[in-house]
Amino acid sequence: MPGEARGRRRRQTPEELATAQRQREARVLSEVRKGMGAVQLLRARHLRLARLQREHERERILLPHTFAVPAIAALVFVFGGLYFEWTMGGGFLFFGNTTLRAAMPWMVGALVPVFVVVLCLLERVMPQLADPFPGAFFRTVIAYPILALLCAIAVAAAPWGWLTYLGWMTGTPSRVEARVLAIDALRNRIHCGQYARLEFAGTVARICVEERLAAKASVAGDTVAVYGRVSRLGLYVREIHAK
């Protein structure tokens with residue numbers, strides 16, 4: 001009978017009840033610890049994946065060390081030359097002016113395919129370079145040739161700036177005579193508002209005279225006194241005075 005079965009079931013003592021309670025609490029605590037361990041493991045994996053992703057992004061952005069030094073040297077050469085050309089080039093009469101200017105188109109033409117190849121190789125090292133230019137055809141046929149042309153022009157123009165700087169640095173203060181072959185009208189321009197063609201020591205160059213002309217304005221055919229610095233590279237014009 002059910003009543004007899006319940007009667008035959010032994011009643012648990014308080015000590016046994018307390019032991020069973022402790023065992024249940026221990027099992028619950030063990031499950032909680034397992035859950036916390038799983039959470040910590042997932043968090044550690046997430047942090048590790050985030051760190052690996054950051055390192056991958058940094059590797060994509062930064063050039064390899066083998067390219068870093070040549071790239072920095074090339075940037076210093078190009079931007080330094082462009083800076084000197086912008087700030088000082090308008091006043092320098094380079095003795096090799098005719099030869100160097102005649103070689104400029106050939107230099108640019110030779111450098112354009114070189115820079116196209118360099119950009120294509122950089123795309124493999126730095127995949128993010130292709131992000132602003134979607135489509136392989138657009139990059140290789142339009143975008144990269146235009147960028148290569150701009151880079152070639154910058155590289156070809158950089159030596160002018162360095163020659164100007166070296167000519168000014170190594171030159172000695174002098175007063176010389178030059179002849180004005182032509183002079184432009186004064187215009188409102190940002191870089192230089194007036195140019196003139198000067199002839200000195202058998203070399204003809206286009207010089208910015210906007211802030212270099214002193215006294216009355218010269219005309220074509222005049223012989224003028226030029227104050228500046230003369231070196232083996234050329235003449236840096238500081239002031240032009242009418243005789």
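The protein contains 5 helices and 7 strands, where helices (H or I, at least four residues) and strands (E, at least two) are DSSP runs numbered from the N terminus. This is a predicted model, in which local features need pLDDT of at least 70, side-chain atom pairs count only at pLDDT 80 or more, and totals for chains, interfaces and linings use all residues. Residues are numbered from 1 along each chain as its sequence is written, and side-chain values use heavy atoms, with hydrogens and water left out.

**Exercise 1. Overall description**

State the order of helices and strands along the sequence, and give the share of buried residues.

Solution. Step one: read along the sequence, the pattern is α-α-α-β-α-α-β-β-β-β-β-β. Step two: of the 243 residues in the protein, 26% are buried; buried means under 20% relative accessible area, exposed means over 50%, and partly exposed lies in between (1.4 Å probe, protein chains only). Step three: contact means heavy atoms within 4.5 Å, and among contacts with a separation of 6 or more, 66% are between residues 24 or more positions apart.

**Exercise 2. Helix H5**

Compare the expected span of H5 with the distance between its end C-alpha atoms, and locate its kink.

Solution. Step one: the expected span of a helix is 1.5 Å times one less than its number of residues. Step two: for the 35 residues of H5 this gives 51 Å, and the end C-alpha atoms are 49 Å apart, which agrees. Step three: H5 has a kink of about 35 degrees at Ala-143, shortly before the proline Pro-145; the bend at a residue is the angle between axes fitted to the seven residues ending there and the seven starting there.

**Exercise 3. Aromatic pairs**

Determine how many aromatic pairs there are, and classify the pair Phe-92 and Phe-94.

Solution. Step one: rings of Phe, Tyr and Trp (its six-membered ring) pair if their centres lie within 6.5 Å; planes under 30 degrees apart count as stacked, over 60 as edge-to-face and the rest as tilted. Step two: by this rule there are 9 aromatic pairs. Step three: the ring centres of Phe-92 and Phe-94 are 6.4 Å apart and the planes stand at 25 degrees, so this pair is stacked. Both Phe-92 and Phe-94 are buried.

Step four: Trp-162 and Tyr-165 also form a pair, which is edge-to-face, with 6.4 Å from centre to centre and 85 degrees between the planes. Both residues lie in helix H5 (residues 136-170), 3 residues apart, about one turn of the helix. Trp-162 is partly exposed at a relative accessible area of 25%, and Tyr-165 is partly exposed at 24%. Step five: Trp-162 and Tyr-165 belong to one aromatic cluster with Phe-77, Tyr-83, Phe-84 and Trp-168.

**Exercise 4. Charges over rings**

Identify the ring over which the charged end of Arg-206 sits, and do likewise for Arg-229.

Solution. Step one: a charge sits over a ring if NZ of Lys or CZ of Arg is within 6 Å of the ring centre and within 35 degrees of the ring normal. Step two: the charged end of Arg-206 sits over the ring of Tyr-195, 3.9 Å from its centre. Step three: for Arg-229 the ring is that of Trp-168, with a distance of 5.6 Å from its centre.

**Exercise 5. Residues in strands and loops**

Decide whether Thr-203, Ser-231 and Ala-201 are buried or exposed, and describe their surroundings.

Solution. Step one: Thr-203 is found in strand E4 (residues 203-208) and is buried, at 7% relative accessibility. Beyond four places in sequence, Thr-203 touches Leu-93, Phe-94, Phe-95, Asn-97 and Leu-198. Thr-203 and Gly-96 are 107 residues apart in sequence, while their C-alpha atoms are 7.8 Å apart in space.

Step two: Ser-231, in the loop between strand E6 (223-230) and strand E7 (234-242), is buried at 10% relative accessibility. Leaving out residues up to four places away in sequence, Ser-231 touches Phe-95, Gly-167, Thr-170 and Gly-171.

Step three: Ala-201 lies in the loop between strand E3 (195-200) and E4 and counts as exposed, at 61% relative accessibility. Most residues other than glycine have a negative phi. Ala-201 has a positive phi of about 55 degrees although it is not a glycine.
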